[in-house]
Each structure stands twice: as C-alpha cells, then as structure tokens.
Amino acid sequence: MAGGYIAYVSTYTMGEDKNGIKIFDVDMEHGRLTPKGEVEITNSSYVTVSHNGKYLYAITDFGVESFKIMENGDLELINKASTNGMRGCYLSTDYDDKFLFCAGYHDGKITVLRLDQKTGAVGAITEEVFHKGLGSIAERSFRPHISCVKMTRDNKYLCAADLGIDYVNIYRLNHERGTLQQVDIIRCDLESAPRHLKFTDDGRYMYIISELKNCIDVYEYHEEDNQPFFDLIQTVPTSDKYDVKGVAASALNISYDGKYILASNAGENSVALFEIDHEQGKLERLFCLPISGDYPKDAALFPDNRHLVSLNHESNTMTFFKVDYETGCIIMNGPALDIKQANCIIFHELGA
C-alpha cells in the first residue's frame, strides 16, 4: 500500500461551515482518520471518484462539481454543472469515465452528463429520465425516489434503484450519445425500498440493500442475446430486528479486496459484516453489532479490512472500531471524531 490513502467525506453544510467535503489522512496501522483539509461546497450529499482515480465528483445544491485529485490528495476545482433539477443523492461514472450519472431522490430523475476524459470536466446533459409509478406507502413513498445509479461491470447497463416504487430499472447505455433505453425492471418486494446496489469485481453478482425490508438481495447477472438477466439467488437480513418498525438499512459497501460486504442499520444503529462466497456469490453474516452513534448513514472497512468507520449522521460523529474476525466482534478504537451530518466516505489510494 505504498503511497498511502486519503479519505473523502461528504457532509451537509449548516451555519458558518460552508465546507461540504472533508479530507482526512488515513492511519492504516491504528485505524484512525486525521483531518487534512476541507473544500467549500454546499450540501455535498454524495461524492464519487472516477474509475481512473484522477477526479472526484460531488453533488451540490445546484448540480455537480468536478475536482482534480492532486498528488497529496487535495482537491482542485475543475468546473461546475447544472443537473437541471433538484439536488441529487447519488453519483457514479461508467467504467470508461465518459459519463456521469446522477440519481434524483426528490424529483425521481436520472441525469446523464458527458465527461471530458482529458480534463475530467463535467459537460452537457445527454439524457434525463423521469421514473413513473406509485409506491404502496402513501405517506412516505407514493412517488419515485431514485436512490442509486450504477453500471454493470461490463459497462453495458445502468441499474437505477428506486425506493419509492420498489423497482430497480435497467437501462442500456448508448456510449456515443449518452442516452438510456429501458430494457428491464427488477420488481423488488412491495414496501422493501431498494436503496443501494453493488457488484462483485467480476460483475457476476449484484447486491441490493432495501431500506424498509432490512435485507440484502443477491442476484446473479448474465447476458443472453444482448439482453440482461438478473436471477435472485439469496436474501439475507441485515439485522436480527429486520421486521421491527423503526429499523432502516442504509449503507452498503464492498471491501477493497472484494472479500466482504458491509451494511448499516439506522434505528438499531448497528453495522453488519458479511463474507462473500466468490464461487456462488452468496453471503454469510459474520456479525451485527452497535456502532456507538445515531443513524449510521454510511460505514466502510479500512482498505486493509482491520478497522471500520461509521458515519453517524444524527449524532454528528464518526466512530472507529477494530475488527476481530476470529471472535466476530468489533472493539471501539479510540474516541469518536466530531463531524456535522456526514453522508458518505470514500477511501482513495494516492498514486494509484
């Protein structure tokens, strides 16, 4: 791990603090983060790093911003672009870093923007797709709320999780025009609220975490005759209290080496760690334990898997733990770190 790691944390901005991205040095040996810098940006609800590791993209109130990642991990603003809608909640790029996808929770819209592969700048909007339909919980999810947009690993299809209508819509990406054509729908359980999704490194398996169902659904993905197929092969609860009102699954992150998948549960305020069977794609839960904070909106293993961090959105803290795989326990690792309304964390290898 020569070169070391940096961590980027996106936060909402309130009062005098206008710096929505916090930058931390990563102490891998001790499993801690040390404040290094911050970037002025309003209400950064999500950040993502390009697949080539050169650029960081962030959501802001008026759209998206692009940054060049400097050698020391600092961020240099490249440009800003409008998404022609309400503030988004999730960002990702295709695997060629030609397009940026923005999920609209509030307006139920997918926005596709062209990227300049030479400079990392965000360009014009190439596609806008509004989801349609009604959910089954009128007081909460009566309309589309797109919560995640992510490409399949073969870079052919965009998967859009919508927790308002309990669908994951599948779109074929036109790599020249940046347009989307819907080709399939994964109909999740009613009132499950699919929130986030991840793929294994080889692209064979997809994991969908559902906010209200408090489970991870495992799908096997393959393509036949230029059509995608997603077959459900396993459902595992993220908590022993998965059927208790007030518990809501939140984060879903795969470890750097692809061996583990980490989920968090708000309400219960816990994290659950699963081991991935790479032959069959199925998950085996290793533990589900409290994180000493309120509403773990995101949680992640450190790149060496020896420690984990929880971003506790409502208690305004990050808490740190050492992971003991033999006993299936996590041990609190030093004091909590104060941070206002953190949304997501990304570990980035310097010089990668």
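How do strand β2 and strand β3 pair, and over how many bridges? Hi everyone, let's start right there. Strand β2 covers residues 21-27, strand β3 covers residues 32-39, and the two pair in the antiparallel sense over seven bridges. Please keep in mind that what we are looking at is a predicted model.

If you look at the end of β2, D27 stands opposite R32 in β3. This hairpin has four residues between its strands, and among them G31 takes a positive phi near 65°.

That brings me to phi angles. Most residues other than glycine have a negative phi. Which residues go the other way here? One of them is D166, where phi is near 60°, a positive value in a residue other than glycine. You will find D166 in the loop between β13 (157-162) and β14 (167-173). Although D166 is in a loop, its relative accessibility is 4%. Buried means under 20%, so D166 counts as buried.

N305 is another example: it is not a glycine, yet its phi is positive, at about 70°. Its place is in the loop between β24 and β25 (307-312). N305 also counts as buried, because its relative accessibility is 6%.

Now let's step from that loop into a strand. A299 is found in β24, which spans residues 296-301. Is A299 buried or exposed? It counts as buried, because its relative accessibility is 1%. What is A299 in contact with, once we leave aside its neighbours within four places in sequence? The partners are A251, N253, L262, S264, V271, V309 and S310. To give you a sense of distance, A299 and D94 are 205 residues apart along the chain, and their C-alpha atoms are separated by 23 Å.

Next comes T319, which sits in strand β26 (residues 317-324). T319 has 0% relative accessibility, so it counts as buried. Where does its side chain reach? The side chain of T319 goes to the backbone oxygen of I291, at 2.8 Å. Setting aside neighbours within four places in sequence, T319 has I291 among its contacts, along with S292, L308, V309, S310, N312, M332 and A336. You may remember V309 and S310 from the contacts of A299.

Let's finish with the empty spaces. Rolling a probe the size of a water molecule over the atoms shows where empty space is left. How many cavities of 30 Å³ or more does a search of the whole structure find? There are two. The largest cavity has a volume of about 50 Å³. Its lining is made of T83, G85, M86, R87, G88, C102, A103, G104, D107, K109 and T111. Strands β9 (99-103) and β10 (109-115) each give at least two residues to that lining. By type, the lining residues of this cavity are three nonpolar, five polar and three charged.

There are pockets too, and I'd like to show you the second largest one. About 180 Å³ of space lies in it. This pocket is lined by 13 residues, and G53, K54, I69, M70 and H348 are the ones nearest its centre. Both β6 (63-69) and β29 (342-349) supply at least two residues of its lining. Here the lining divides into five nonpolar, four polar and four charged residues.

That's my tour, so thanks for listening, and do turn the model around for yourselves!

Definitions and conventions. Residues numbered from 1 in each chain as written. Predicted model: local features only at pLDDT ≥ 70, side-chain atom pairs only at ≥ 80, totals over all residues. Heavy atoms only, no water. 1 Å grid on protein atoms, 1.4 Å probe; cavity = no way out; pocket = protein on both sides within 12 Å on 5 of 7 lines; lining within 4 Å. Points joined across faces, edges and corners; volume = space filled by probe spheres on them. Nonpolar A, V, L, I, M, F, W, Y, C, P; charged D, E, K, R; others polar. Pairing = 2+ DSSP bridges. Buried < 20%, exposed > 50% of the residue type's maximum accessible area, 1.4 Å probe, protein only. Contact = heavy atoms within 4.5 Å. Polar contact = N/O pair within 3.5 Å; in protein donor to acceptor, adjacent residues only side chain to side chain.
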